[in-house]
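This report describes selected helices, nonpolar cores and charged pairs of the structure shown below.

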Amino acid sequence: MAANILVFGSLNADLVFAVDRLPAPGETVIGPGYTVIPGGKGANQAVAAAGARVAVQMAGCVGADSFGDLLLRSLEGARVATGLVHRIAAPTGCAAIGVDAAGANQIMVAGGANLEARAADVADAMLTPETTLVLQMEVQAAQNWALIRRASERGVRVVLNVAPAAPLPEDILPLIDVLVVNEGEAIAVARGLDADIGDPAGCGRFLAGRTGGACVVTLGEAGSIGFSGKDAWRLGALPVTPVDTTAAGDGFVGWLAARLCVGDALPEAMHWAAVAAGLACEAAGAQPSLPSLDAVACRRPDLAEAVRL
């Protein structure tokens, strides 16, 4: 059966180190210990979308190791279908994440099994006009582009989170329905398209114009900006005391895709996503911090609706 949300992307075991402050280049910082938490942008976004109570299928690769066991258990516990997650000989992807006392982080990622994810593993039967396809940039880019081309031919809504930032091919741009970037990624992607634009809002408007769809630029504690055609909206951030910001961006993307999937307009979907992202900052870890529908619905009144620009 086709899922409402199909996530093609990465699954990582996150080794999270709590430190008083993040190290400068060449510096060693000592912390009291570490935890191993299920993560990876693809898997995080799948779990986030499942929290919005839509049907979610994850497609990707993990190793035949204990980290792979951990990731599959987490997805299944969140009611994400894992039939398209293949176990292979390569080691499961892994991320080393330092988190300081203010909740800020530094992240290093080893791709591992994620680099073996293949678009061909997603059957055409999974790609229907009722499906929203969500992708990121922690698998091989060529596999993303191959799947996007097939999905677009079949009327699938395509949501691409260009994280980490990478060049977008000219022929892929018009196939993207919703592009999601943070402020640094927005500038990098625009420059990759030969646009010398220094502010994130200008980049977001430019990128929406180049895709012909929508572009959402997340701005951390400053909120987010959304562009679609000639329309633009500005939204603040949920007031929170951050503990760990690791999965905030993934929470935003997963919830944005889920709310678009159930029929919300872009500014309303952004509102749900912003609340979910804020709540993800209030707990440690990636997937364990992603909120439920009840939690997000409870906090929605604490964030003003998006304002048209």
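## Helix α2

In helix α2, the buried residues are Gly 68, Leu 70, Leu 71, Leu 72, Ser 74 and Leu 75. The model under discussion is predicted. The buried residues of α2 pack against the strands β2 (12-18), β3 (34-39), β4 (56-63) and β5 (80-88), and also against α1. An α-helix has 3.6 residues a turn, so residues three or four places apart point the same way.

Helix α2 comprises 12 residues (residues 66-77), and at 1.5 Å a residue these should span 16 Å; the end C-alpha atoms are 16 Å apart, in agreement with that expectation. Just after α2, Arg 79 adopts a positive phi of about 65 degrees.

## Nonpolar cores

In soluble globular proteins, nonpolar side chains tend to be buried together. The largest nonpolar core in this model has 54 residues, of which Ile 5, Leu 11, Val 56, Met 58, Leu 75, Trp 255 and Leu 256 touch the most other members. Helix α7 (residues 266-280) gives the most to this core, contributing 11 residues. A second core, separate from the largest one, has 45 residues, including Cys 61, Leu 84, Val 122 and Ile 148.

Leu 75 appears both among the buried residues of α2 and among the residues that touch the most other members of the largest core.

## Packing of α6 and α7

At what angle do α6 and α7 pack? The angle is about 145 degrees, and the axes are 7 Å apart. The crossing of these two helices, α6 and α7, is right-handed.

On the α6 side, the contact is made by Ala 248, Gly 251, Phe 252, Trp 255, Leu 256, Arg 259 and Leu 260. On the α7 side, the contributing residues are Leu 266, Ala 269, Met 270, Trp 272, Ala 273, Ala 274, Ala 276, Ala 277 and Ala 280. Trp 255 and Leu 256 of α6 thus take part in this contact, and both are also among the residues of the largest core that touch the most other members.

## Salt bridges

Side chains of opposite charge can pair when their charged atoms come close. The structure holds 15 salt bridges. One of them joins the side chains of Asp 250 and Lys 41, with an N to O distance of 3.9 Å. Asp 250 lies in helix α6 (residues 248-261) and Lys 41 in helix α1 (residues 41-51), so the pair ties together parts that are 209 residues apart in sequence. Asp 250 counts as buried, at 4% relative accessibility, whereas Lys 41 counts as partly exposed, at 23%.

Glu 170 and Arg 210 also meet in a salt bridge, at 2.5 Å from N to O. This pair links distant parts of the chain, 40 residues apart: Glu 170 is in the loop between β9 (157-161) and β10 (178-182), and Arg 210 is in helix α5 (residues 200-211). Arg 210 is partly exposed, at 29% relative accessibility. A further salt bridge, at 3.6 Å from N to O, joins Glu 305 and Arg 300. Glu 305 is partly exposed at 48% relative accessibility, while Arg 300 is buried at 18%. Elsewhere, salt bridges that share partners join Asp 124, Arg 150, Glu 153 and Arg 154 into one network.

## Asn 144 in helix α3

Is Asn 144 buried or exposed? Asn 144, found in helix α3 (residues 141-153), is buried, with a relative accessible area of 0%. Neighbours within four places in sequence aside, Asn 144 is in contact with Phe 8, Leu 135, Gln 136, Met 137 and Val 139.

Conventions: Residues are numbered from 1 along each chain as its sequence is written. This is a predicted model: local features need pLDDT of at least 70, side-chain atom pairs count only at pLDDT 80 or more; totals for chains, interfaces and linings use all residues. Side-chain values use heavy atoms; hydrogens and water are left out. A salt bridge is a side-chain nitrogen of Lys or Arg within 4 Å of a carboxyl oxygen of Asp or Glu. Helices (H or I, at least four residues) and strands (E, at least two) are DSSP runs, numbered from the N terminus. Buried means under 20% relative accessible area, exposed over 50%, partly exposed in between (1.4 Å probe, protein chains only). The expected span of a helix is 1.5 Å times one less than its number of residues. Contact means heavy atoms within 4.5 Å. A nonpolar core is a set of buried Ala, Val, Leu, Ile, Met, Phe, Trp, Tyr and Cys residues joined through side-chain atoms within 4.5 Å. Axes are lines fitted to C-alpha atoms, for helices over the stretch in contact, and angles run from 0 to 180 degrees between N-to-C directions. A crossing is left-handed if the near helix is turned anticlockwise from the far one by less than a right angle, and right-handed if clockwise.
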